[in-house]
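Me: Could you take a close look at one part of this model with me and explain, step by step, how its strands and loops fit together?

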Amino acid sequence: MRRQGVEVELDGKIFDNLSFYANYAYTELRSMGGEPAGEEAEAERAKHRVNAGLRYNLFENTMLMLDYKYQSEQSSQVSEEISEDEYEWYTIDMDAYHVFDFAVEQTLFKKYGYVENAVLKFYINNLLDEEYENTRGFPMTDRTCGAALSFSF
């Protein structure tokens, strides 16, 4: 398998309370042999991927987070073994997609007894309810709302 591409990441602060991150990846995989596993791996990677996000400290312990994900269209070659050492191949074409996630993160406390870094997070994943598929062609999750509590001790 030959992998060629470039990955670039940039992050920083726009203002004291507003930061950002962005990364881009271009990947091209080429199977150098005729083995099914190599051809399947070659097809399972989108050529272009983008991840970006903004972090805004609204108050001292409250952060607003907006994340963006993009993946270019791709065709996935999937094999299914129909008998011993005999495979049937089929192609799944997947459209490009854009997904936005939004969250509000509240730091409850830094240290309380043995418990440290308690954070309560409310989130909406797939904010715009984009319909898209994973690398095997299965539909991905619709808009998801939830809450998470994390801490360490």
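Reply: A strand here is a DSSP run of E with at least two residues, and strands are numbered from the N terminus. Please keep in mind that the model is predicted.

With that in hand, we can place Asp-85, which lies in the loop between strand 5 (74–83) and strand 6 (86–94). The phi of Asp-85 is near 60°, a positive value in a residue other than glycine. Because exposed means over 50% relative accessible area, Asp-85 counts as exposed at 66% relative accessibility.

Further along the chain, strand 7 (residues 97–112) and strand 8 (residues 115–125) run antiparallel and are joined by nine bridges. These two strands form a hairpin with two residues between them, and in that turn Gly-113 has a positive phi of about 65°.

Strand 8 also pairs with strand 9 (residues 144–152), again in the antiparallel sense, over eight bridges. To follow one path across these strands, begin at Val-104, whose bridge partner in strand 8 is Phe-122, and then go on from Phe-122 to Ala-147, its bridge partner in strand 9.

The loop between strand 8 and strand 9 holds Asp-129, whose phi is near 55°, a positive value in a residue other than glycine. Asp-129 has a relative accessibility of 33%, and therefore counts as partly exposed, since that class covers values between the buried limit of 20% and the exposed limit of 50%.

Definitions and conventions: Residues numbered from 1 in each chain as written. Predicted model: local features only at pLDDT ≥ 70, side-chain atom pairs only at ≥ 80, totals over all residues. Heavy atoms only, no water. Pairing = 2+ DSSP bridges. Helix = DSSP H or I, 4+ residues; strand = E, 2+ residues; numbered from the N terminus. Buried < 20%, exposed > 50% of the residue type's maximum accessible area, 1.4 Å probe, protein only.
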